[in-house]
Amino acid sequence: MKELFVISGVTGMTGNELARQIIAKGGTVIGFDNFFASSLHTIQDILDQDAMNFFEWDINDEMAMKELENRVALEKDNYGRIVYINCAAVVHTEYFYDVEATFQTNVLGMRSFLEQAIRVGADAYINCSTSEVYSMQSWNEGGVSEEDYILFATAEHSQRTSYAAGKLLTEFFMKDAVDKGKIKGCSLRFANVYSDNELYAKHIIPHIITSLLEKQSVTLLENSRKNKRTFLHNFDSCQAVLAVIEGKNTLDGSVYNVATEEEVSILELVDICAKALNLEDYQIEFEGYRSADPERRLLSSKKLRERTNWSPMVSLNEGIKRCADYHMSKKD
Ligand SMILES: NC(=O)c1ccc[n+]([C@@H]2O[C@H](COP(=O)([O-])OP(=O)(O)OC[C@H]3O[C@@H](n4cnc5c(N)ncnc54)[C@H](O)[C@@H]3O)[C@@H](O)[C@H]2O)c1
């Protein structure tokens with residue numbers, strides 16, 4: 001069966017790897033991005049393939065989205081299955097505190113993309129959500145699960161939760177559309193995804209690696225003295241997306257945690273990065289503090305593992321080695 005995948009935010013960390021994995025298994029991609037946090041270089045290796053159709057579009061641009069809809073409607077009869085995957089979002093932590101920026105793209109953009117998917121008669125919609133929705137209660141023994149109640153920091157505590165609240169709302173839109181029989185789909189709560197070749201050193205792993213490479217020292221937030229996290233390679237996050245799309249009873253409107261259970265402290269993470277760079281001596285400085293930043297974020301991915309055959313393939317050591325090799329090769 002021929003399959004068409006319509007991917008927003010396709011040059012981002014999740015989108016570009018998804019496109020690569022989809023094309024490798026014979027699917028066709030129509031993808032767009034406005035380069036808010038990425039560039040064309042992430043899909044350079046697949047850009048000239050017939051199966052890859054890229055457009056520089058903004059999810060908030062009505063005219064562009066109408067053009068997309070017309071294009072999919074024209075192509076529809078050539079495919080046995082059409083799947084929309086919403087990766088476009090204002091993601092980096094600096095924006096978590098910016099309610100205006102995140103609301104427009106992450107909530108309104110997600111909803112209009114979902115409405116389009118329903119109008120064109122798409123078979124499924126995948127909503128990329130986030131582990132941020134667990135807010136202040138983002139770990140427990142064995143990892144927080146989808147059915148746990150959530151303890152939210154509010155505007156009284158920190159604007160940070162505006163990003164999480166917006167993403168949580170998208171999960172309601174997703175569930176509502178499925179419950180009303182308009183489309184199949186689900187939401188995926190990703191936790192700390194990283195890739196080998198991130199363009200900007202905004203996430204913690206490229207920040208540590210590029211700082212160590214450049215000056216054998218790294219500046220971390222005060223929170224990092226205690227914080228622990230798990231990290232998921234984007235190969236594995238994309239495998240999870242494909243696993244729920246292929247799953248038998250997975251597109252039920254519900255939510256799935258997508259995370260590893262390999263927890264490390266941020267200080268241990270710095271050490272792993274230094275080893276991957278063959279660096280024996282390095283300095284750590286602490287500066288700044290991030291409010292409403294939970295000390296741990298440990299998710300249980302039991303539900304996903306039980307309903308699909310997904311499990312993460314890239315260990316943290318291997319993933320960090322790949323990142324280090326990429327940044328070292330860029331420096332040469
Ligand atoms: N990276 C993580 O750790 C992480 C964790 C949890 C959830 N997520 C979620 O996964 C999804 C994908 O994130 P990612 O890690 O690939 O982030 P990313 O920033 O690498 O990719 C997002 C892409 O969306 C694009 N974009 C932003 N605004 C847009 C707009 N108005 N129109 C079109 N494109 C736009 C950006 O340019 C970028 O290429 C997001 O929904 C994000 O919230 C990511």
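**Close-ups of a predicted model**

**View 1. The buried side of helix α4.** The residues of α4 that count as buried are Thr102, Thr105, Asn106, Gly109, Met110, Phe113, Leu114, Gln116 and Ala117. This is a predicted model, so read the close-ups with that in mind. What do these buried residues pack against? Their partners are β1 (3–8), α2 (62–75), β4, α3, β5 and α5 (161–179).

**View 2. The length of α4, and its kink.** End to end, from first C-alpha to last, the 21 residues of α4 reach 29 Å, close to the 30 Å expected at 1.5 Å a residue. Where is the kink in this helix centred? Look at Gly109: the kink there is about 30°, and Gly109 is also one of the buried residues of α4. Just past the end of the helix, Gly121 takes a positive phi of about 80°.

**View 3. Ala88 and what surrounds it.** Ala88 sits in the loop between β4 (81–86) and α3 (93–96). Is Ala88 buried or exposed? It's buried, because 30 other C-beta atoms lie within 10 Å and 20 would already be enough. Setting aside neighbours within four places in sequence, Ala88 is in contact with Ser8, Gly9, Asp33, Ile59, Thr105 and Gly109. Two names in that list, Thr105 and Gly109, are also among the buried residues of α4. For a longer reach, pick out His203: Ala88 and His203 are 115 residues apart in sequence and 17 Å apart in space, C-alpha to C-alpha.

**View 4. The shell around the ligand.** There are 29 residues around the ligand, and those that come nearest are Gly9, Gly12, Thr14, Ser38 and Ala89. Elements giving two or more residues to this shell are α1 (13–24), α4 (99–119) and β5 (124–130). Which element gives the most? That's α1, with 3 residues. Sorted by class, the shell has 13 nonpolar, 14 polar and 2 charged residues. Gly9, one of the nearest to the ligand, also turns up among the contacts of Ala88.

**View 5. Zooming back out to the chain.** The protein chain has 10 helices and 13 strands, and its C-alpha atoms fill a box of roughly 60 × 45 × 40 Å along the principal axes. The radius of gyration is 19 Å, which agrees with the value near 20 Å for a compact globule of 332 residues. As for burial, 47% of the residues count as buried. Take the contacts between residues at least 6 apart in sequence: 80% of them join residues at least 24 apart.

Note on methods. Residues are numbered from 1 along each chain as its sequence is written. This is a predicted model: local features need pLDDT of at least 70, side-chain atom pairs count only at pLDDT 80 or more; totals for chains, interfaces and linings use all residues. Helices (H or I, at least four residues) and strands (E, at least two) are DSSP runs, numbered from the N terminus. A residue is buried if 20 or more other C-beta atoms lie within 10 Å of its own, exposed if 12 or fewer, and partly exposed in between; C-beta atoms are placed from the backbone. Two residues are in contact if their C-beta atoms, placed from the backbone, lie within 7 Å. A residue is near a molecule or strand if its C-beta atom, placed from the backbone, lies within 6 Å of it. Ala, Val, Leu, Ile, Met, Phe, Trp, Tyr, Cys and Pro count as nonpolar, Asp, Glu, Lys and Arg as charged, and the others, Gly among them, as polar. The radius of gyration is taken over C-alpha atoms; the globule rule is 2.2 Å times the number of residues to the power 0.38. The expected span of a helix is 1.5 Å times one less than its number of residues. The bend at a residue is the angle between axes fitted to the seven residues ending there and the seven starting there.
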